[in-house]
Amino acid sequence: MECKINNELGQITINEEVLLKVAGYATLECYGIVAMSSKRAKDGLVEWLGGENLTKGVDLRVTNEGIDIDLYIIVEYGVSIVEVCKIIRSQVCYKIENMTGAKVRRVNVSVEGIRI
Amino acid sequence: MTPKSIDGLLLKEMLIAGATLLDINHEEVDSLNVFPVPDGDTGTNMSLTMKSTVKDIEPLDEHSASAIMKVASKGALKGARGNSGVILSQILRGFSKSLDNAETIDQAAFVAGLKKGSETAYKAVMKPKEGTILTVIRVISEDAERYSIRHPDNLSGLLDKIVKSGEVILEKTPDMLPALKQAGVVDSGGQGLLYVLKGWRAAYHGEKIEKAPAEPEVPSPEEETPATLETLKFRYEVSYLIKYLGESVTEDDVNKFRTRLTRIGEKVSVENGPDSGLSVRLCTNVPGKCIQYACDLGEVVDLKFDNLAEKIRERIAGEQAKAQAEEQARREAEEAERAAGAAAQAAPVENAAPLNEYGFVAVSIGSGFSQIFTELGVSQIVEGGQTMNPSIEDILAAINRVDARNVFVLPNNSNIVLAATQAAELSEKTVCVLPTKNTAMGIGAVIAFEPDADLETNRRKMTEASENVKTGQITYAVRDTVFEDKEIHEGDIIGIHNGCIEVVGRSVHDIAVDLVRSVVEESDSLITIYYGQDVKEEDATALAGEISTIYPEMDVEVQYGGQPLYYYLIATE
């Protein structure tokens, strides 16, 4: 589903893939994250992803009130997980809102694994 | 007296000194954040992280360095705040891991600790950004390693080298991160780390870092037991700079100079000052001598001289006046509380119930705003705002203090909404957090409250009311920068609307008028101007007068907000 933004000059359409990549990249830039985890982690198979695959640990839905983003992350052992999640939320929200102009309603962070 | 290795007691001193030095300078670090509004909090976050370490190690009387470091790294992890705080905690954790069970830290162990700290910090991020605190710690540890190969037996030199290499690399950070260069600053996290390391070096040399005087909320032990005229050992406080050091002056001479000073006084601090000079401070009874010593090294400038005994006399007089004022304030507060209690009783709530139906908690900064909230029936005010976010615990405690079954929480800042929501989950009461992003929205919400309506209706009505309030804020730029192609100079007045800088200029008054034009919409009927602590009432009234001539059909109100940093908060609805 793409995100549409109207202004006085016309309509801007942003593909979901773009939003996924922005969110994924913003997450990976945050301190404390060592990998993204696949959304299919509940199948019992935790895939460790990085590089070009970065849209995989990200899920998002475009609603009328803004975008909801789900992030599935793997953190480094020994960092303050609560603090890292807080940073991710504000970073991802900031990047999406500043780069695309779309409004973010929610950022849900799910810590799926820890690297020891 | 420079020890060859660091034991637990010295390490503790070093960590405390690092935290103190960072605390003293946290506002400067804050001001380096890449956005030209004085809201940044890297320095505050790092300082709070270090304070959490200090809190844990302070009661320890431990001779093993590794034990101290272990506790310190746990404290940092627990208290980590913000990105830089988390990274700082990782550096300490790495350092602690490399020490293993060592009793003391010698030069090799120190270098290994720095290296491990840097590695650990890097390991926790996939895409390390260069030009940040990470670069600073990495370069420092590499330089330390190289230095130790050439000078294997010089821990004192190593600490000097660390600080120096940190300063050098910090200067280069703007070349690595374009955002820093554009804003004309060095990296704030790196600067914070450098203050910590400077504190370590100072403590290693046996210097004391004095806590900044203007911090009433965390009194240092010395302030808790203030010196009296009887206990005052040294009467004069002297500080000066030594410039144009003689060419033959070596580090040894400086050390000798420091020792001579410690013989004639206390609280001696000799640090590198501007233009490769020295900055000196001490308390003594023989001020003449300490200046004479300095003249042997170079030329004395910027001499400052204070009589501490006289200050104590003034303070005693001041305290007496303050005690009287507090007594009066307490009496007034009691009366206000009684009045508020009576008002709550008058609300159509079952009088027999021990609890009221509804209560409010508001986060607010500035005496004026706190008073407005109290008048509107908010029973608990949590001090906080942009630069000082209250913790979840603070908010939870306030919720629990409210004498009501259902509590509405007004975070009044988008950064605090999250903490408030978490506090709401922890509380046993029914708590409803209204997402108010600033104080004006909070006031709008409280006004819409109806004591007769049910919780859900109130929540909806109050949220709607708060969203109808549009606000503009006026503050000043703390340094030169470029934001969205607008060139902004330090000291410029900027008007912010919806998080964007709308107008820039030199006059608070003109900017306020311009900002109102961009905030006001046709459907609005009321403009409220909350003026801050730095604005005179006449100026605010004059502004209101001008605005009402521009918008004759609207009501213009002036209220005292008392907020710091922001000259005006303008709300329209």
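**Figure 1. A nonpolar patch on the surface of chain A.** In this predicted model, five side chains come together as a nonpolar surface patch: A:Y77, A:I81, A:V111, A:I114 and A:I116. The patch covers about 470 Å². Let's pick out A:I114, which sits in strand β7, the stretch from residue 104 to 115 of chain A. Is A:I114 buried or exposed, or something in between? With a relative accessibility of 39%, A:I114 counts as partly exposed, because that label goes to values between the 20% and 50% cut-offs.

**Figure 2. Chain A from end to end.** Step back a little and you can trace two helices and seven strands in chain A. Starting at the N terminus, the order is β-β-α-β-β-β-β-α-β. How much of chain A is buried? Of its 116 residues, 47% count as buried. Now look at who touches whom: among contacts in chain A with a separation of 6 or more, 63% are between residues 24 or more positions apart. As for the outside, the accessible surface of chain A comes to about 6000 Å², and carbon and sulfur atoms hold 50% of it.

**Figure 3. A salt-bridge network in chain A.** Here's a little group of charged residues to find: A:E65, A:D68, A:R105 and A:R106. Salt bridges link these four into a network. Side chains of opposite charge can pair when their charged atoms come close.

**Figure 4. Where chain A meets chain B.** The size of an interface is often given as the accessible area lost when the parts come together. For chain A and chain B, that buried area is about 1800 Å², with carbon and sulfur atoms giving 59% of it. Chain A brings 22 residues to the contact, and chain B brings 20 residues. How many salt bridges does the rule find across the interface of chain A and chain B? The count here is one. Its partners are B:K123 and A:E76, whose closest N and O atoms are 3.8 Å apart. There are also five residue pairs in polar contact across the interface of the two chains. On the side of chain A that touches chain B, at least two residues come from each of α1 (16-29), β3 (33-37) and α2 (81-100). Which element of chain A gives the most to that side? The answer is α2(A), with five residues.

**Figure 5. A salt bridge between two helices of chain B.** Over all chains, the salt bridges add up to 25. One of the pairs in chain B is B:D23 with B:K51, whose closest N and O atoms lie 3.5 Å apart. This pair links distant parts of the chain: B:D23 belongs to helix α1 (residues 8-24) and B:K51 to helix α3 (residues 42-57), 28 residues apart. The two partners have their own accessibility values. B:D23 is buried, at a relative accessible area of just 4%, whereas B:K51 is partly exposed at 28%.

**Figure 6. Two more salt bridges in chain B.** Start with B:D175 and B:K181, which form a salt bridge with their closest N and O atoms 2.9 Å apart. Are these two buried or exposed? B:D175 is exposed, with a relative accessible area of 55%, and B:K181 is exposed too, at 51%. Now find B:R258 and B:E207, whose side chains meet in a salt bridge at 3.3 Å, N to O. They link distant parts of the chain: B:R258 is in helix α12 (residues 251-264), while B:E207 is in the loop between α10 and α11 (221-224), 51 residues away. Both B:R258 and B:E207 are buried.

**Figure 7. A close look at B:Q191.** You'll find B:Q191 in helix α10 of chain B, which spans residues 188-204. B:Q191 has a relative accessible area of 11%, so it counts as buried. Which residues does B:Q191 touch, leaving out those up to four places away in sequence? They are B:E28, B:V29, B:L32, B:L170 and B:V186.

**Figure 8. B:R138 and its surroundings.** B:R138 has its place in helix α7 of chain B, residues 133-150. At 26% relative accessible area, B:R138 is partly exposed. Setting aside neighbours within four places in sequence, B:R138 is in contact with B:S118, B:Y122 and B:E130. One last thing to look for is B:G166: it lies 28 residues from B:R138 along the chain, and the C-alpha atoms of the two are separated by 9.6 Å.

Conventions
Residues numbered from 1 in each chain as written. Chains lettered and ligands numbered in written order. Predicted model: local features only at pLDDT ≥ 70, side-chain atom pairs only at ≥ 80, totals over all residues. Heavy atoms only, no water. Patch = residues over 30% accessible without salt bridge, like charges linked within 9 Å, V, L, I, M, F, W, Y side chains within 5 Å. Areas by Shrake-Rupley, 256 points an atom, 1.4 Å probe, with all protein chains shown as cover. Helix = DSSP H or I, 4+ residues; strand = E, 2+ residues; numbered from the N terminus. Buried < 20%, exposed > 50% of the residue type's maximum accessible area, 1.4 Å probe, protein only. Contact = heavy atoms within 4.5 Å. Buried area = accessible area lost by both parts, 1.4 Å probe. Polar contact = N/O pair within 3.5 Å; in protein donor to acceptor, adjacent residues only side chain to side chain.
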